[in-house]
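I opened this one to look up two things: how some of the helices pack, and what empty space is left among the atoms. My notes follow in the order I made them.

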Amino acid sequence: MSKTFWEAASDLIAVTEEHPFLVAMVDGSLDLEKFRYYVVQDALYLTDFAYCLRKLGSNAEIESDAKRLKELATGAEEAEMDLHRSFFKKWDIDATGAESMPNTLLYTSYMIRIVETGCHAEGLAVLLPCFWVYMHVGKCMLKLREDLGDQVSRPEQFDAWIDMYSGEDFENEVRDYITMVDAAVEKADDATIKKMEEHFIMSCKLEHMFWDQAQELMGWPEIVNAPIRSVKN
């Protein structure tokens, strides 16, 4: 069952719960520029995430799973992207033409490769952390927000993000997805289950690195404009 994947990644997930970017969102100390950076990169990520869900839906053997996967793809494009678009409108910015930063490209390239070249079960596993870890940290952040109470204030966009990923609607999506993963585990052989666990752990690492990237406002290195030292014989 997928619970064993979670247990295998439990140390990593525990660290992610306390990621400085996420904690700073709750206590209101996060630089808004870092959150804007994150939202733009997440918008780019969600486009590929929705593509992967549709791809899985197209090769699902069970009709109800195919339908649900396509619904989840639509949810990523509509509900989650609507949240992002509301932020863009508030900030008077547009993600059109935005460039994927290193960890965004690393994450999306990895999940697309697994979805397109691995079996259906592997594809389900590689996308699972984006559902499960987000719900988990959303609920951790909600609890911290409740504990802090009125001691701190934060931008409304931070609260909207916490509300979405700690909310009942998103939890229902996560539960449905976990059910599909569990069913795939039951049918899979040991070799496939091992690969599923590896993909789950890697995506957990990439989730953490995605927030690292925003915390650091990571960009691409200036390779062309960097000083070049000549090599003399």
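Before I look for a pocket, I fix the term: on a 1 Å grid over the protein atoms alone, a pocket is an open set of points with protein on both sides within 12 Å along at least five of seven lines. I also remind myself that this is a predicted model.

**Entry: the pocket**

I looked up the largest pocket, and its volume is about 260 Å³. I count 13 residues in the lining, with Glu61, His120, Ala121, Ala184 and Lys187 nearest the centre. Which helix gives the largest share of that lining? H9 does, with four residues. H7 and H9 (168-187) each supply at least two residues. By class I get eight nonpolar, two polar and three charged residues around this pocket.

**Entry: H7 against H9**

Since both helices turned up at the pocket, I checked how H7 and H9 pack. Their axes come within 9 Å and cross at roughly 145°, and the crossing is left-handed. On the H7 side, the contact includes Ala121, Gly123, Leu124, Leu127 and Leu128, then Cys130, Phe131, Trp132 and Tyr134, with Met135 and Lys139 further along. H9 answers with residues including Phe170, Glu171, Val174, Tyr177, Ile178, Val181 and Ala184. The class split for this contact is 16 nonpolar, one polar and four charged. I note that Ala121 and Ala184 belong to this contact and are also listed among the residues nearest the pocket centre.

**Entry: the cavity**

Next I went after closed space. How many cavities of 30 Å³ or more are there? I find one, and the largest cavity has a volume of about 60 Å³. Its lining is Asp42, Tyr45, Leu46, Phe49, Glu80, Cys130, Phe131, Tyr134, Tyr165 and Phe170. H4 gives the most, four residues, and both H4 and H7 (120-148) supply at least two. I see eight nonpolar and two charged residues in this lining, and no polar ones. Cys130, Phe131, Tyr134 and Phe170 line the cavity, and I had already met those four in the contact of H7 with H9.

**Entry: H4 against H5**

I then took the helix that gives the most to the cavity lining, H4, and checked it against H5. The axes of H4 (residues 32-59) and H5 (residues 63-91) come within 9 Å and cross at roughly 160°. Parallel or antiparallel? I put H4 down as roughly antiparallel to H5, because the angle is over 145 degrees. The crossing is left-handed. In this contact I get 19 nonpolar, four polar and six charged residues.

**Entry: H5 against H8**

Last, I looked at the other partner of H5. The axes of H5 and H8 (residues 156-166) come within 11 Å and cross at roughly 180°, so I log these two as roughly antiparallel to each other. From H5 I list Ala79, Glu80, Leu83, His84, Phe87, Lys90 and Trp91. They meet Glu156, Gln157, Ala160, Trp161, Met164 and Tyr165 of H8. By class the contact divides into eight nonpolar, two polar and three charged residues. Glu80 and Tyr165 take part here, and both also line the cavity.

Methods: Residues numbered from 1 in each chain as written. Predicted model: local features only at pLDDT ≥ 70, side-chain atom pairs only at ≥ 80, totals over all residues. Heavy atoms only, no water. Axes fitted to C-alpha atoms, helices over the stretch in contact; angles between N-to-C directions. Parallel < 35°, antiparallel > 145°, perpendicular 65-115°, else oblique. Left-handed = near helix turned anticlockwise from the far one by under 90°. Nonpolar A, V, L, I, M, F, W, Y, C, P; charged D, E, K, R; others polar. 1 Å grid on protein atoms, 1.4 Å probe; cavity = no way out; pocket = protein on both sides within 12 Å on 5 of 7 lines; lining within 4 Å. Points joined across faces, edges and corners; volume = space filled by probe spheres on them. Contact = heavy atoms within 4.5 Å.
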